[in-house]
Amino acid sequence: MGRWRPLPQDVRPEVRRLVERLRLLKDRSGLSYTALAAKTPYSASSWQRYLSAVTLPPWEAVEALAKLSGTERRLLVRLSVQWESANEAWEEANRRRARTKPVPTAPAAPAPSGVAATSAGPAGPAGPAAAGVSGEAGPDTAAVRGWRALGYPSARSVAVRAARWSVAFASLVLLACVPDASGRGIGRPAWPYPLPSEAAGPAADEVRPRCRGEACAGRDPVRAGCQADGRVVGRYDIRKHRIEVYQSVRCAAVWGAVTPANDVKGISLSAPGAGQLWEDSEDGRTAMAPAPENLGSNVQVCAVIADRHSCVDAGKRAWTD
């Protein structure tokens with residue numbers, strides 16, 4: 001196989017590790033971009049973007065390439081963790097770019113009619129007049145200075161005040177035309193204005209799961225969007241800890257969780273076809289496995305707590321060794 005072109009320097013480390021791993025898998029498969037396009041739902045140009053870190057590949061593309069290269073199932077779980085890490089870093093980079101994107105500013109409003117603009121600054125208390133410079137339209141005659149000494153406003157001051165009052169009056173008129181907060185007819189909204197309710201998390205129906213069945217194997221239920229409709233199908237309370245078996249119908253997957261996660265040395269999930277998956281207790285949950293047709297004793301979640309091995313299955317049967 002030919003040598004790969006170096007990845008851009010600004011690629012996040014998590015994304016770089018994933019892409020370099022995918023390049024090794026492609027080399028191992030011996031397939032060209034065209035051959036990959038023929039064996040997967042993704043075009044040759046898409047594979048070029050994936051393996052150049054221009055676009056982050058979806059998990060389904062990563063899984064397809066891994067299977068074509070003969071990757072073992074236990075290594076596929078590790079690869080899914082790499083993809084989850086890269087996906088999180090990619091989304092964070094996109095959010096950061098969105099926050100730093102410059103916001104276009106509106107053009108400056110033209111000066112009110114009858115007000116002469118000056119290059120020295122605004123015509124007001126902080127403008128040229130305050131500094132002892134005339135800056136006003138019309139001659140600065142002795143008569144004008146006399147009127148100022150008696151406290152009468154100049155013609156320019158009158159024009160500025162008139163313009164300000166016009167803007168204020170127009171604002172009040174527009175406010176009076178705002179629809180009522182209840183939506184009944186036209187009128188000013190009642191005071192106090194209704195405050196928006198506290199932002200709640202997205203409903204389960206609004207969260208789109210990123211995998212289903214076999215595609216969920218080894219993936220984190222939270223990052224894959226499967227926890228949104230997760231329901232407890234088995235529970236065991238022991239020594240101030242709670243061991244639970246979760247099922248997501250939309251994702252057709254199961255996983256285990258222990259709360260709290262402290263003092264837990266390990267968590268495991270057993271399911272038909274998935275074997276036994278052991279996880280550390282950092283997140284307090286296991287990766288997912290495809291849900292079997294019948295749950296019951298087929299799905300078991302175990303945890304090592306205080307050197308004792310405790311388990312519960314989806315049939316709500318619990319025991320401690």
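Tutor: Welcome! Strands here are DSSP runs of E with at least two residues, numbered from the N terminus. Keep in mind that this is a predicted model.

Student: Thanks! In which strand is the place of histidine 241?

Tutor: Look at the run covering residues 241–248. Histidine 241 has its place there, in strand S2.

Student: Is histidine 241 buried or exposed?

Tutor: Buried means under 20% relative accessible area. Histidine 241 has a relative accessible area of 7%. Its contacts include Tyr236, Val258 and Ile305, leaving aside residues up to four places away in sequence. Because 7% falls under that cut-off, histidine 241 is buried.

Student: How many bridges join S2 to S3?

Tutor: The two strands run antiparallel. One of the pairs sets glutamate 244 against alanine 257 in S3. In their hairpin, with 4 residues between the strands, alanine 252 takes a positive phi near 50 degrees. The number of bridges joining S2 to S3 is 7.

Student: And which residue in S6 does valine 254 stand opposite?

Tutor: S3 (residues 253–259) has 6 of its 7 residues buried. It pairs with S6 (residues 289–290) in the antiparallel sense over 2 bridges. Opposite valine 254 in S6 stands alanine 289.

Student: Turning to the helices, how is H1 placed relative to H5: parallel, antiparallel, perpendicular or oblique?

Tutor: H1 (residues 13–29) and H5 (residues 73–100) pack with axes 8 Å apart, at an angle of about 135 degrees. Angles over 145 count as roughly antiparallel and 65 to 115 as roughly perpendicular, with the rest outside the parallel range being oblique. An angle of about 135 degrees therefore makes H1 relative to H5 oblique.

Methods
Residues are numbered from 1 along each chain as its sequence is written. This is a predicted model: local features need pLDDT of at least 70, side-chain atom pairs count only at pLDDT 80 or more; totals for chains, interfaces and linings use all residues. Side-chain values use heavy atoms; hydrogens and water are left out. Axes are lines fitted to C-alpha atoms, for helices over the stretch in contact, and angles run from 0 to 180 degrees between N-to-C directions. Angles under 35 degrees count as roughly parallel, over 145 as roughly antiparallel, 65 to 115 as roughly perpendicular and the rest as oblique. Buried means under 20% relative accessible area, exposed over 50%, partly exposed in between (1.4 Å probe, protein chains only). Contact means heavy atoms within 4.5 Å. Two strands pair if DSSP finds at least two bridges between them.
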